[in-house]
Amino acid sequence: MKIFQRIAVSIISIISAFIICAVLIKIQNNSPIDTYKALYTYGLGSWFSFSSTLNTATPLIFTGISAAVAFASGVVNLGQHGQLLMGAIITAILGVYLNLPSSIGISVLVIIGGLVGALWAGIAAILKRFYKMDEFISTLMLNFIAEYFTVYLATYPFLDKKAYVPATRLIKRIYFMPDVNGLNFAFFVAVFTILISYWYIKKTWHGYEFRMMGYNFNFAKVGGCSVESNTTLVLLFTGFLSGLAGSLLILGGTQHRFMKGIGANFGWDGVMIAIIANNSVIETFFYSLFFGVLKNGAIGMEFETSVPSEFILFMEAVIVLAVVGTRSAVEHYTQWMRSMAKLRKVVSKND
């Protein structure tokens with residue numbers, strides 16, 4: 001499907017999803033106009049709202065690219081949630097005890113957070129490489145282990161006894177990531193990561209082999225691609241991206257400590273964004289911004305109307321189904337029409 005056709009399909013599908021959600025909002029005796037107005041005002045209505053939206057979208061960009069690169073390579077990495085949590089907890093702990101100058105310390109913490117995410121994904125890579133265990137299962141199960149392990153660390157060994165919830169101590173203030181008029185520097189790191197990832201996938205030999213694996217795994221293997229090594233590399237690379245998301249959530253977020261529930265749904269939202277973006281790195285970036293608008297606007301929606309913020313999860317699901325379903329239908333019927341046109345041409349020549 002051509003790029004302009006994909007954009008048109010996405011816009012029409014999103015408008016359709018908004019109409020469906022408006023009907024449900026009306027059935028609940030709420031005003032769709034007031035609801036969407038609040039969604040816009042708190043998502044994009046001012047510089048404060050806009051910068052908050054970009055900050056909210058930052059972890060989604062990382063987990064979205066992580067899932068997109070993995071899926072595009074034919075590797076099913078569903079462990080973004082666990083990799084993010086592991087990157088976040090190690091950054092939060094080291095941020096308390098590390099003694100380095102501000103700029104060096106922030107850089108070191110970001111890199112270590114990413115590496116921890118890569119190591120956590122590396123467990124799935126080892127299980128795949130030596131025990132032929134499906135990464136779909138191993139990355140999924142590692143999420144649960146990471147969830148309870150990080151909560152244990154934040155509840156017992158590294159608990160801040162002055163906190164009212166299970167949480168580690170506040171990291172040193174010198175490691176707080178700076179912001180520009182409310183827009184945190186973490187967002188610029190995310191944009192840089194998008195550009196690097198796009199270049200790596202499109203312009204390098206490894207990126208070419210990743211894409212070949214995604215198109216046809218067996219063809220890539222017969223064609224000389226080292227699929228086992230590449231699968232390991234994909235898991236490490238995508239784990240690194242998710243670990244970065246966790247690290248920047250601590251350094252550039254608002255809490256600056258690891259708290260129970262800090263991962264929210266960033267990991268699963270990243271998977272959803274990769275699916276709706278058809279595993280394209282650039283499209284993942286724009287859909288992450290769009291989901292950032294929805295998440296940031298949801299707070300205002302609940303504040304201004306009676307529609308709960310959880311309704312935005314339902315809206316996200318409807319949007320994903322509408323976009324993916326419409327795209328699949330258009331591709332199917334476009335190919336069918338082309339096939340029929342070719343068939344008619346062959347028949348007319350024989351006549």
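Serine 197 sits in helix α7, where helices are DSSP runs of H or I with at least four residues, numbered from the N terminus. At 1% relative accessibility, this serine is buried; the label buried goes to anything under 20% relative accessible area, exposed to anything over 50%, and partly exposed to what falls in between, using a 1.4 Å probe and protein chains only. Setting aside residues up to four places away in sequence, serine 197 touches Ile65, Phe237, Leu241 and Val281, a contact being heavy atoms within 4.5 Å. The model is a predicted one, in which local features need pLDDT of at least 70 and side-chain atom pairs count only at pLDDT 80 or more, while totals for chains, interfaces and linings use all residues. Numbering runs from 1 along each chain as its sequence is written, and side-chain values use heavy atoms, with hydrogens and water left out.

Next comes helix α8, which is where glycine 207 is placed. Glycine 207 is buried, at 0% relative accessibility. Apart from its neighbours within four places in sequence, glycine 207 is in contact with Tyr200 and Ile201. Its C-alpha atom is 30 Å from that of isoleucine 89, a residue 118 positions away along the chain.

Asparagine 230 belongs to helix α10, which covers residues 227–251. With a relative accessible area of 3%, asparagine 230 counts as buried. What does asparagine 230 touch, once residues up to four places away in sequence are left out? The partners are His206, Glu209, Phe210, Met213 and Cys225. For one of these, Glu209, the C-alpha separation from asparagine 230 is 7.7 Å, with the two positions 21 residues apart along the chain.

On to the pockets. The search ran on a 1 Å grid over the protein atoms alone: a cavity is a set of points where a 1.4 Å probe fits but cannot get out, a pocket is an open set with protein on both sides within 12 Å along at least five of seven lines, and lining residues have an atom within 4 Å of a point. Grid points are joined across faces, edges and corners, and the volume is the space filled by probe spheres set on the points. The largest pocket comes out at about 990 Å³. Its lining has 33 residues, and those nearest the centre are Asn55, Thr56, Leu249, Thr254 and Phe266. Two or more lining residues come from each of α3 (47–72), α10, α11 (266–276), α12 (281–304) and α13 (311–350). Sorted by class, the lining of the largest pocket holds 13 nonpolar, 14 polar and six charged residues; here Ala, Val, Leu, Ile, Met, Phe, Trp, Tyr, Cys and Pro are nonpolar, Asp, Glu, Lys and Arg are charged, and the others, Gly among them, are polar.

The second largest pocket has about 490 Å³ of space. Of its 20 lining residues, Ala72, Lys202, Asn278, Asn279 and Ser280 are the closest to the centre. At least two lining residues each come from α3, α7 (185–203), α8 (205–215) and α12, and α8 has the largest share, with five. The class split for the second largest pocket is 10 nonpolar, six polar and four charged.

As for helix geometry, α5 (residues 102–131) has 30 residues and runs 43 Å from first C-alpha to last, close to the 44 Å expected at 1.5 Å a residue. That expected span is 1.5 Å times one less than the number of residues. Helix α5 also has a kink of about 25°, centred on alanine 121, the bend at a residue being the angle between axes fitted to the seven residues ending there and the seven starting there. In α13, the end C-alpha atoms are 59 Å apart, which agrees with the 58 Å that its 40 residues should span. Buried positions in α13 include Phe311, Ile312, Met315, Glu316 and Arg327. The buried residues of this helix pack against α1 (3–27), α2 (32–44), α11 and α12.

Two loop residues round things off. Lysine 132 comes just after α5, in the loop between α5 and α6 (135–155), and has a phi near 55°, a positive value in a residue other than glycine. Histidine 256 lies in the loop between α10 and α11 and has a positive phi of about 55°, although not a glycine. Is lysine 132 buried or exposed? At 58% relative accessibility, lysine 132 is exposed, whereas histidine 256, at 9%, is buried.
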